[in-house]
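Q: Got a minute to go through this one with me? I'd like to start with what surrounds the ligand.

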Amino acid sequence: MLLEQVVIMLSTLPPNSVIGTSLTNTLIRFLWADLDHPPVAYVGANRYRQADGSGNSPWDVQLGASHTAYARSVPPMHPLPPNLPDPGTLFDALLKRDEFVPHPSGISSLLFNFATTIIHSCFQTSLADPNINEASSYLDLSIFYGNNQDEQNKVRTGKLGLMHPDVVSSSRLFLMPAAVTTLAVVFTRNHNLIAEKLLGINEGDHPDVVKYKEDTEKDPKGLVQQDEDLFQTARLVNCGWFLNVIFQDYIRAILNINRSNSLWSLVPTGVIRPPLQGPFPRGVGNAVAVEFNILYRWHAAISAQDEEWIEMEMKKWGPRGKQPVDYTEEDFFTVYFNMTKALGESQFSPLLLRERWNIPGIKRKSDGYFEDRDLVNILSAATKNVAGAFKARGSPAAMRIIDMMGISAARSTWGTCSLNEFRKFLGLEQFTQFKQWNSDPKIIDIASQLYTHVDNIELFPGLLAEEAKPSMPGSGLGPGYTVSRAILSDAAALVRGDRYLTLPRLSNSMNANNFTVYQFEELTPDLEGGSFGGVLGKLFMRVFPEQYSFNSAYALFAFSTPATTEDILRKLGIKQQY
Ligand code: HEM
């Protein structure tokens, strides 16, 4: 009615009226701002997420696609001194773990194993050209769906939208602790559950929902289309599960909200429409930047048990008689080479047949699947193990060559900005003294010798050896202050920029039309489910139905150690319910 009244009022003003022109212009601006310009998606086209992540933006098809260059967020303007410390010296002085300190919020190793699946879905620096990211910039679970069509084809059976039993794609995962790959396998299994249900229920008359054919035997083309529709819809829904675990379980723990009975979660996908300004953008695409590749190298959080694991794996595949802490870049490539060779490939290839790979320590059954019990044991052990605290001198010694390669890439290949430039970019105060960055006198002493001026601190050691934020209400992760500020912005960019996860009422997004009503309801967090809207427990229980009781704290609160969970539940007065 307000609009009609404005129109009537404007129509009564004389044509040359100054007030009338001004009000008319305001009205036009208001109407223009209602819609996205240009539109962010078309119907029909790219109904499904492309295997390589291309096509998220119809205006920049390659935006965030795999095998494209990393973005840069901050241009480096501050000239760094020519005699920067050697990466090995930097690691030994500022990053190498001096002692294991348990995580102050009681976060379990499993949370960081899950974080590893997130970062490897978005970052896979090419070994041949470190400017290139072989992963897409979307949370598309490429660790097991593959980074391109070729890799995707390897993990698919080609029938009924199903994937091979317990398969993963990214060979980068093979060096990771068993819980990382087990989490990937949980989602692979979830894919097959979703695909089977899609076919079983065969829901939908809406043009956007596939009506799966009952009898396609006599129709080879129909079979191929059926496999494609089931696979791609299941993939979209599975990424929805991944996203929900991120926002309902992972970010809750990161923000320490898991210590309360709050049902709030920081989900950045919804409509935001400030008055007169039009819709706040969504689904416009994203390209991950090199600064964030560095920022997420949370090797200090590796648990004592995972530290043992990486030490053992590096020794197993590396050059005989040499300690991992002494490895060179060449030795590290030997590790990859020997691992991939053992998988049946004569030389390093990103297209291994993933089925032949096993989670170390457990065996596949004759049907190709691992035993549920074995997988659940791996997950529960990672929940029992406390993660490491973020701190300077927190990264396990065996990670030396890995961090050194990261420091070199940041410095020489990417030429990233300094720590202070990154802080300025985030709107944070710049450090003027070393002690503002880290108050430990030993660290100040070393850093001032290595860098002479606080403006010279490079991004890699700057972010990862910064003093950790204490565990407090609203902040449970406890990384350095700069990291803690930046990760939430990055999460918003990653998720809000992804049109397959954000735009409702379009044929290619996370909504009931596209996901089918049944799947959409399955995905909706259950606020009464025992973990304040958490989704991870529900996922574990549906993938391993025989292994958990309905109130198992190992499933419902897997990202905190059992002792921490017990303490939280006791304080909330609900311990007896679990
Ligand atoms: C025992 C556990 C871990 C091992 C063995 C490990 C190993 C590695 C290795 C070998 C690389 C070199 C590049 C590659 O092969 O991808 C790497 C890079 C990286 N790591 Fe870790 N990591 C571990 C835990 C973590 C955790 C907990 C995080 C943070 C969530 C993390 C974040 C990263 C990032 C962001 C990169 C750069 C990836 C790239 O540029 O491709 N890592 N890590």
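Q: Which element gives the most to the shell around the ligand?
A: Helix H4 does, with five residues. Keep in mind that this is a predicted model.

Q: How many residues surround the ligand in total, and which are the closest?
A: There are 24 around the ligand. The closest are Thr125, Asn293, Tyr296, His299 and Tyr336.

Q: And by class, what is that shell made of?
A: It has 16 nonpolar residues, six polar and two charged.

Q: Where does the ligand sit?
A: In the largest pocket. Two elements give two or more residues to the shell around the ligand: helix H4 (109–122) and helix H11 (329–342).

Q: On to the metal. Which protein atom is a donor to the iron of the ligand?
A: NE2 of His299, at 2.2 Å. The protein supplies that single donor to the iron atom.

Q: Where in the chain is His299?
A: In a loop. Helix H9 (290–295) comes before that loop, and helix H10 (304–317) comes after.

Q: What about the oxygen atoms of the ligand: how far is the polar side-chain atom of Tyr336?
A: Tyr336 has a polar side-chain atom 2.4 Å from a ligand oxygen.

Q: And the arginines? What are the distances for Arg172 and Arg297?
A: For Arg172, a polar side-chain atom is 3.3 Å from an oxygen atom of the ligand. For Arg297, an N or O atom in the side chain is 3.4 Å from a ligand oxygen.

Q: Changing topic: how many aromatic pairs does the structure hold?
A: It holds 19. One of them is Phe112 with Trp298.

Q: What is the geometry of the Phe112 and Trp298 pair?
A: Edge-to-face. The centres are 6.1 Å apart, with 80° between the planes.

Q: What does that pair tie together?
A: Parts that are 186 residues apart in sequence, because Phe112 lies in helix H4 and Trp298 in the loop between H9 and H10. His299, the iron donor, lies in that loop too.

Notes
Residues are numbered from 1 along each chain as its sequence is written. This is a predicted model: local features need pLDDT of at least 70, side-chain atom pairs count only at pLDDT 80 or more; totals for chains, interfaces and linings use all residues. Side-chain values use heavy atoms; hydrogens and water are left out. Donors are N, O and S atoms within 2.8 Å of the metal (3.2 Å for Na, K and Ca); water is not among the atoms, so sites may look incomplete. Helices (H or I, at least four residues) and strands (E, at least two) are DSSP runs, numbered from the N terminus. A residue is near a molecule or strand if one of its heavy atoms lies within 4 Å of it. A polar contact is a pair of N or O atoms within 3.5 Å; within protein, one must be able to donate a hydrogen and the other to accept it, and residues adjacent in sequence count only if both atoms are side-chain atoms. On a 1 Å grid over the protein atoms alone, a cavity is a set of points where a 1.4 Å probe fits but cannot get out, and a pocket is an open set with protein on both sides within 12 Å along at least five of seven lines; lining residues have an atom within 4 Å of a point. A molecule sits in a cavity or pocket if more than half of its atoms lie within 2 Å of its grid points. Ala, Val, Leu, Ile, Met, Phe, Trp, Tyr, Cys and Pro count as nonpolar, Asp, Glu, Lys and Arg as charged, and the others, Gly among them, as polar. Rings of Phe, Tyr and Trp (its six-membered ring) pair if their centres lie within 6.5 Å; planes under 30 degrees apart count as stacked, over 60 as edge-to-face and the rest as tilted.
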